Structures are given as C-alpha cells and as structure tokens.
Amino acid sequence: MSTSITEALAAPLADPDTFIDGPPYELFAQLRDVEPVAWTPEPEPHSGFWSVTRHADIVAVSRDWATFSSARGVSLEDLDDDQLEHRTSLIDTDPPAHTALRKVLSGEFLPKVINGYETFLRGIVAKTMDSALALGTFDFVEQVSSEIPVRVLARMLSVPDTDREKLTSWGDRLVGTSDPEFADALAGSAASDQYRLLPFRSPAALEVFEYGRELQSQRRANPTGDLVSKMVEAEIDGEKLAQRDLDNYFLLLALAGQETTRQAISHAMETLIENPAVLTRFQEQPELLSGAALDEMLRWGPPVYHMRRTATADAMIGDSKVKQGDKIAIWYPAGNRDERAIERASVLDVDRSSVDLLTFGKGGPHFCMGSFLAKMEYRVTLEELVARLDSAVYDAPIERLRSNFVNGIKRLPVRVTTR
Ligand code: HEM
C-alpha cells in the first residue's frame, strides 16, 4: 500500500529517534493544521495508530472513556489478552473497575493530605538545593531532579531513604526500554520477548514486584497507615486485591510517583536557562509560582508525550473517522501548544492569568491522580531554586531519553552562580 503525504508526515512520531532533540513542536504544529487526526504507520508487526494533536480533540478522547478505552493498554505496544491479563493496572482499566481501583488510594492524594507534606518537602528541597548549587558545576538531574521526588516517594511508602537509588534506577529501566543506555532488552528486539508478560517488557518490573511484596507482607503484619498499608487493607466488593493487582498498582505508583516529576523539574531548569528573563520575573514576583505561572511552566515542559486509547466502536474524532479496534495516541505537548485553545500558545508567558493545561491529562477518569502532589513538589522546588540562583548556563549539551512516551532528560550539565 502506498503511503499518503499525511501518513509520511506523521510517521516520525512512531520512531523514538524523532524525540532525541526534544518534542518535535514543528511537526506537531503542521499536523494540527493539516491533519489533526493523522494515521501514523508503524513498522511491522505493529498496526499503526491515529495521532491526535489538537487540544479539543485530546480532551474529547480523554473524556469519552467508553468509546476510547484504556483497557488495551496506554502505551502503543500491541498487547494480546495474555499480556493484558498480566500487565493491567489502574491506568489501563476502564470504569467501573477503574473507579473502584482508583478509590483504593485516591484519598491519599487529596490536597488536605498532600498539604501535610509541605514542611517536610521544603526541608529536603532546601538541603538538596544548597548542596547542589554549592558545587557550581554539576549535573542537575543527578543532584536535584532525581533527588526530590524519590525522597517524597520513599516517605509515602515509609521506606528508608537509602532505597532511593534502587527506586530511581527502576524508573530509568522501566521508561527507558527504547533507550539503549537504560534498556535491559531494547523494545522491539527479539530479546525483549522473554519479558512480554511484564509491564514495559522490562525485567526491572520483577524487582519492583519483589520489593513491593516484601513491603506488603511487612504492612500486613504491622500496618503503618502508609500507601502500602492502604493497598493491602483495601477491599473491592468484599475481596482484598489479588497479588497481581497489588504488583501492578505498586509498580505504577513507584514509577509515576517519581519519574514524571523528576522530568518536570529538569524541564523547568532547562526553561530557566533558555529564558533568563523568566528567572528574573520569578525573582521579582515569587508569588507568581503559586498561580497560573506554574501551569505555564508545566505547559512548556511536559514530561509525558502521549497516552494511548483504543476505539471500542467506529467513531469520530473531530472531523475524522476512526474504526473499532484502532489505536489512538493523544499527544499532550501538541495540544499544549494549540493556538485554537491557548492564545499565543507558541509563546512562554508566565504572566498569563490562566492556562488550559494538558500535561496531566484533562477531563477523563484517568486524570493524573498525583497531580496535586506533583505540583506541590514542582512549586516548592522552583521557589527554592529561584530564591538562590543568580545565573545558570549549560556546561555541556543536554542528553535526552530516546523515547516517544516520556519526555525525559538523562543529563543536564549546568554551571551556576548564586545570589
Ligand atoms: C509532573 C508530574 C506528573 C505528570 C506530568 C503526570 C502525568 C500523568 C498523565 C498524563 C496521566 C494520564 C492521564 C490520562 O490518561 O488522562 C497520569 C496518570 C496517573 N498519574 Fe501522574 N503525572 C505526574 C506525577 C504523578 C505523581 C507524583 C503521581 C503519584 C504517585 C502520579 C500518579 C498517577 C497515577 C496513579 C495515574 C493513573 C490514574 C488513573 O488511571 O486513574 N503522577 N499522570
């Protein structure tokens, strides 16, 4: 079959190499204008998928979970029933099962609970920032971005701080399956086949399961009220969660709880280096960070590229027809820069009065469960950073994750002066 011009345009989105210099914003802009729901061919044996790049369409797909299901997985990997049975977690479940699973922990992420962590958080951020900035020249990812979210996660799981290296490395290996530096077996390779029943096709998942199971048995014996205690105590329709559900739920938390926030913090530093006027603006008026400016920074540097849905029936997305069974990728960074939804979307403006943000999803049942926590970590980190920073430049080029799923920064070598 010959490839149409628009298919050729969208095809690079299936290739992780396209993202090695960061989000392909020009390509997203072209697609939004020319083919906002673009068929994106994938190499055999994969089926191809629709790329959705307009803000309104991304919200509509997220909202209509019955037509655009998460139950065949939220990554673009084609999964058979056996794989789904083993790998399914909260994020790849549709209501009503999703609603019950989400309730197991959603109360722990409400503002009234999360606000209770702020003093602890500010303490670790201040300490981390002081030691990092004193170095003058350092890798911001290693010294700052990786440190903060994982310490908060360790606290929420009541595990020792010394476990954070393990947690970070699991995060790298799980989301890094398309990056030769992190992958145990590169995605798509024959070697990865042996891990097909594991989340992300990564053997790191086995280590996370084992670690989680040990915590679960400790909490069954001695409940502490932490996230793991809540998980082992929870009942759905009078039944405790099965071991497989506990494994996959724990893995989702251990990953989502640190990896994305780490990337968000790295992107914030990148944004400040690229836009020194923004640093000055925050220093003049730090209270901006408690308002829409925070969302604007998250709009500019979104950690997640896409989530996948699968059409349960023939349906329309905007003016485009999709067929039952088709895969659909909703590209958050593309929607975040859509002029149809956000005025002067191609301009970073921390003085906006509001931002219609897609970075955490929008409008659907899967809207990020940890968004309040992530935003608190992000805000406190930025507040403590801008209070200390005088100037920052790159000391060497940024190294990015080879992935079309997570907008990751592996290394961010910086040279800084302080106030
Ligand atoms: C800046 C950091 C973060 C970003 C950008 C982010 C982004 C996202 C996105 C895009 C989704 C899917 C939304 C959808 O499909 O509609 C999601 C779901 C989720 N996030 Fe986050 N996230 C972040 C931090 C966190 C944190 C700190 C946690 C805490 C553990 C967390 C836990 C979750 C969970 C459990 C889900 C699945 C929710 C469900 O399926 O109902 N995230 N996140």
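**A friendly note on helix α10 and its surroundings**

1. Helix α10 gives the most to the lining of the largest cavity: four residues. A cavity is a set of points, on a 1 Å grid over the protein atoms alone, where a 1.4 Å probe fits but cannot get out, and a lining residue has an atom within 4 Å of a point. Helices are DSSP runs of H or I with at least four residues, strands are E runs of at least two, and both are numbered from the N terminus.

2. Before you read on, note that this is a predicted model, where local features need pLDDT of at least 70, side-chain atom pairs count only at pLDDT 80 or more, and totals for chains, interfaces and linings use all residues. Residues are numbered from 1 along each chain as its sequence is written, and side-chain values use heavy atoms, with hydrogens and water left out.

3. What is the volume of the largest cavity? It is about 30 Å³, where volume means the space filled by probe spheres set on the grid points, joined across faces, edges and corners. Among its lining residues are L167, W170, G171 and L174. The lining divides into seven nonpolar, two polar and no charged residues. Here Ala, Val, Leu, Ile, Met, Phe, Trp, Tyr, Cys and Pro count as nonpolar, Asp, Glu, Lys and Arg as charged, and the others, Gly among them, as polar.

4. Look at W170 again: the structure holds ten aromatic pairs (Phe, Tyr or Trp rings, using the six-membered ring of Trp, with centres within 6.5 Å; planes under 30 degrees apart are stacked, over 60 edge-to-face, the rest tilted). W170 and Y211 form an edge-to-face pair, because their ring centres are 5.1 Å apart and their planes meet at 65°. W170 is in α10 (residues 164-175) and Y211 in α11 (residues 204-221), so the pair ties together parts 41 residues apart in sequence. Both W170 and Y211 are buried, meaning under 20% relative accessible area (over 50% is exposed, in between partly exposed; 1.4 Å probe, protein chains only).

5. The second largest pocket (an open set with protein on both sides within 12 Å along at least five of seven lines) holds about 330 Å³ of space. Among its 23 lining residues, E142, S146, T168, D172 and R262 are the closest to its centre. Here too α10 gives the most, with five residues. This lining has six nonpolar, five polar and twelve charged residues.
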